[in-house]
Amino acid sequence: MINYILYIFIILILMTSCQSGDGYNEVQWIEDQVWSFDRILNYHFHAPDTSQFYDLVLTIQHDEQYRYQNLYTLITTHFPDGDTVEQMLSLQISDGKGLWLGKCSGGSCTVEINLQQGIRFPHPGRYALELKQHSRDDNLEGIQSVALAVIRAD
């Protein structure tokens, strides 16, 4: 148990230390590692700078007993001007041979997935991103947390 807590602490430090001061990072924890179909993960942030390029990165932490190769999601983005975009995405977390794509330690795996790279925010203001699991299971087991980071592109 102490190894698990230490592992999570190290992940959080690494995720927050790798960002510049004008980024965003928020972790949403999944209670009891069971993500119900009706639970929406909400992320709210202000466009850091509309003249700069940014990457949107999801970091998914799951246990090694997770049953699937991917994670089906429904992502809804709300823009400051009132526009809304909805997109279904299949997020790959293991390869076709059953090997995890991220790093694993102590029964837990972490994988980073680039949602978008090198984007500019079209409008200044507050953005909202809603993330729902969209698998066949009403209660998806094995997902521990999902983090969204907005990082200035190099």
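Buried means under 20% relative accessible area, exposed over 50%, and partly exposed in between. Keep that scale handy, because Cys-109, at 1% relative accessibility, counts as buried, and it is a stop on this tour. One caution before you start clicking: this is a predicted model.

**The whole chain**

Start with everything shown as a cartoon. You should find 1 helix and 11 strands, and from the N terminus on the order is α-β-β-β-β-β-β-β-β-β-β-β. Of the 154 residues, 38% count as buried. Switch on a surface if you like: the chain exposes about 8800 Å², and carbon and sulfur atoms supply 51% of that area. Contacts reach a long way along the sequence here: among those with a separation of 6 or more, 78% link residues 24 or more positions apart.

**Five-stranded sheet**

Now colour E1, E11, E4, E8 and E7, in that order. These make an open sheet of 5 strands with antiparallel pairing. E1 and E7 are its edge strands, each pairing on one side only. Look along the sheet and follow the twist, which averages 15° from one strand to the next.

Walk across from the E1 edge. E1 (24–29) is joined to E11 (143–152) by 6 bridges, and the two run antiparallel. Select Glu-26 and you'll see that Leu-148 in E11 stands opposite. Further in, E4 (54–63) and E8 (108–119) pair in the antiparallel sense over 9 bridges. A good pair to pick out there is Ile-60 and its bridge partner in E8, Val-111.

At the far edge, zoom in on E7, residues 103–105, which is tied to E8 by 3 bridges, again antiparallel. Lys-103 has Thr-110 as its bridge partner in E8. E7 and E8 form a hairpin with 2 residues between them, and Gly-106 in the turn has a positive phi of about 60°.

**The disulfide**

Stay on that hairpin and show the cysteine side chains. The structure holds 1 disulfide, and it joins Cys-104 to Cys-109 with an S to S distance of 2.0 Å. Turn the view to look down the S-S bond: the link is right-handed, with 105° about that bond.

How exposed are the two ends? Cys-104 counts as partly exposed because its relative accessibility is 36%. Cys-109 comes out at 1%, so it counts as buried.

**Four-stranded sheet**

Hide the first sheet and colour E3, E9, E5 and E6. That is an open sheet of 4 strands, in the order E3-E9-E5-E6, with antiparallel pairing. E3 and E6 (84–92) stand at the edges with a single partner strand each, so one side of each has no neighbour in the sheet. Direction ignored, neighbouring strands here are turned by 20° against each other on average.

For a closer look, select E3 and E9, which pair in the antiparallel sense over 7 bridges. Tyr-43 finds its bridge partner in E9 at Leu-129.

**The nonpolar core**

Bring both sheets back and show the nonpolar side chains. The largest nonpolar core has 28 residues, and those with the most contacts inside it are Trp-35, Ile-60, Leu-131, Ile-143 and Val-146. The elements that give two or more residues to this core are E3, E4, E5, E8, E9 and E11.

Next, centre on Val-146. What does it touch, leaving aside neighbours within four places in sequence? Val-146 is in contact with Glu-26, Val-27 and Gln-28, with Trp-35, Leu-41 and Tyr-43, and with Leu-58, Thr-59, Ile-60 and Leu-131.

**Two loop stops**

Finish with a couple of loops. Gly-23 is in the loop between helix H1 (2–17) and E1; at 29% relative accessibility, this glycine counts as partly exposed. Draw a C-alpha to C-alpha distance from Gly-23 to Tyr-54: these residues are 31 apart in sequence and 8.6 Å apart in space.

Then jump to Arg-136, in the loop between E9 and E10 (139–141). Its relative accessible area is 85%, so Arg-136 is exposed. Draw one more C-alpha to C-alpha distance, this time to Phe-37: Arg-136 and Phe-37 lie 99 residues apart in sequence and 9.0 Å apart in space.

Note on methods:
Residues are numbered from 1 along each chain as its sequence is written. This is a predicted model: local features need pLDDT of at least 70, side-chain atom pairs count only at pLDDT 80 or more; totals for chains, interfaces and linings use all residues. Side-chain values use heavy atoms; hydrogens and water are left out. A nonpolar core is a set of buried Ala, Val, Leu, Ile, Met, Phe, Trp, Tyr and Cys residues joined through side-chain atoms within 4.5 Å. Buried means under 20% relative accessible area, exposed over 50%, partly exposed in between (1.4 Å probe, protein chains only). Contact means heavy atoms within 4.5 Å. A disulfide is a pair of cysteine sulfur atoms within 2.5 Å. Two strands pair if DSSP finds at least two bridges between them. Accessible areas come from the Shrake-Rupley method with a 1.4 Å probe; for residues, only the protein chains shown count as cover. Axes are lines fitted to C-alpha atoms, for helices over the stretch in contact, and angles run from 0 to 180 degrees between N-to-C directions.
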